[in-house]
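Dear colleague,

Please find below the structure that I am handing over to you. My notes on what was found in it follow directly after.

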Amino acid sequence: MTKIEREMKKRERDAIRAVNKSADDFRDIYEDAMKVLFDLVLVLVGIVLGMYLSAMRAQAAETVSIPPRAEYVGPITEQAPEALPEVVNEVNVATMPDAIMVEPVGTHWERLGRWKTTGYCPCRRCNGRNAGRTASGAPMIPSRTIAVGGLPFGTVLKVGNSEYVVEDRGTPYGHIDVLYADHTTASNHGVQYKEVWIKK
Ligand SMILES: [Zn+2]
């Protein structure tokens, strides 16, 4: 082996050693970094767990603070549906939240809004010289006939919980006049604002 060859062998060994050393250093740094990362994950898991547990405790506290139920007043069947007032006075209707208003089931009803409603009867005071007659020529039938402008005759409307047919005129669109059999009953209707749906 010449001197040059020995020198080259030595340099080669040195080079390999240097590469191995840097690989070892890198592995040490990598391992340290992984340890730090693992610790960080542990801390994060601890924080999340702590938040979850305190949320659960808060929920449990809420559950405990639920007020007692209303006093039992007897079976519901004792109160016949007929006993409920058919006509609700104006103040009650106005203050009633929309959520309690039960929208009719089915897709063929379209809500028009909260409309003004009044009552009328076939008499001369309510109809003048058209007493006893509807504008459409249809007979005056209480619980069926209503007067309203802007909708074709024959249009079916749900006013509150009752269905009516537009067969008369006399009030503008947005104001329904409900036909009653006599003048006193019609007057008792007063002015009420009701949810109105149109049958499509
Ligand atoms: Zn009348």
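I begin with a hairpin formed by strands S3 and S4: two residues lie between these strands, and Gly 160 adopts a positive phi near 65° there. Please bear in mind throughout that this is a predicted model.

Strands S3 and S4

Strand S3 covers residues 156–159 and runs antiparallel to S4, to which four bridges join it. Within this pairing, Val 156 stands opposite Val 165 of S4. Strand S4 itself spans residues 162–168 and is mostly covered, with five of its seven residues buried. S4 also pairs with strand S2 (residues 145–147); here the two run parallel and are joined by three bridges. One of the contacts between them sets Ala 147 against Asp 168, its bridge partner in S4.

The zinc site

Which protein residues hold the zinc ion as donors? They are Cys 121, Cys 123 and Cys 126, each through SG, and His 183 through ND1, at 2.0 to 2.4 Å from the ion. Along the sequence, these donor residues follow the spacing C-x1-C-x2-C-x56-H. The arrangement is tetrahedral because the four donor atoms subtend angles of 96 to 126° around the zinc ion, and four donors are counted as tetrahedral if all angles lie between 85 and 135 degrees.

Two of the cysteines can be described by their accessibility. Cys 121 has a relative accessible area of 2% and is therefore buried, the limit for that term being under 20%. Cys 126, at 29% relative accessibility, counts as partly exposed.

A nonpolar surface patch

A nonpolar patch of about 1,100 Å² lies on the surface, and its members include Phe 26, Tyr 30, Met 34, Leu 37, Ile 47 and Met 51. Leu 40, Val 41, Val 43, Leu 44 and Val 45 also belong to the patch. Of these residues, Ile 47 lies in helix H1, which runs over residues 3–64. Ile 47 has a relative accessible area of 46%, so this residue is classed as partly exposed.

The chain as a whole

The chain contains four helices and six strands. Read along the sequence, these elements follow the pattern α-α-β-α-β-β-β-β-α-β. The chain has 200 residues, of which 22% count as buried.

With kind regards

Key
Residues numbered from 1 in each chain as written. Predicted model: local features only at pLDDT ≥ 70, side-chain atom pairs only at ≥ 80, totals over all residues. Heavy atoms only, no water. Donors = N, O, S within 2.8 Å, 3.2 Å for Na, K, Ca; no water. Tetrahedral: all angles 85-135°; square planar, octahedral: opposite > 155°, others 65-115°. Buried < 20%, exposed > 50% of the residue type's maximum accessible area, 1.4 Å probe, protein only. Pairing = 2+ DSSP bridges. Patch = residues over 30% accessible without salt bridge, like charges linked within 9 Å, V, L, I, M, F, W, Y side chains within 5 Å. Areas by Shrake-Rupley, 256 points an atom, 1.4 Å probe, with all protein chains shown as cover. Salt bridge = Lys/Arg side-chain N within 4 Å of Asp/Glu carboxyl O.
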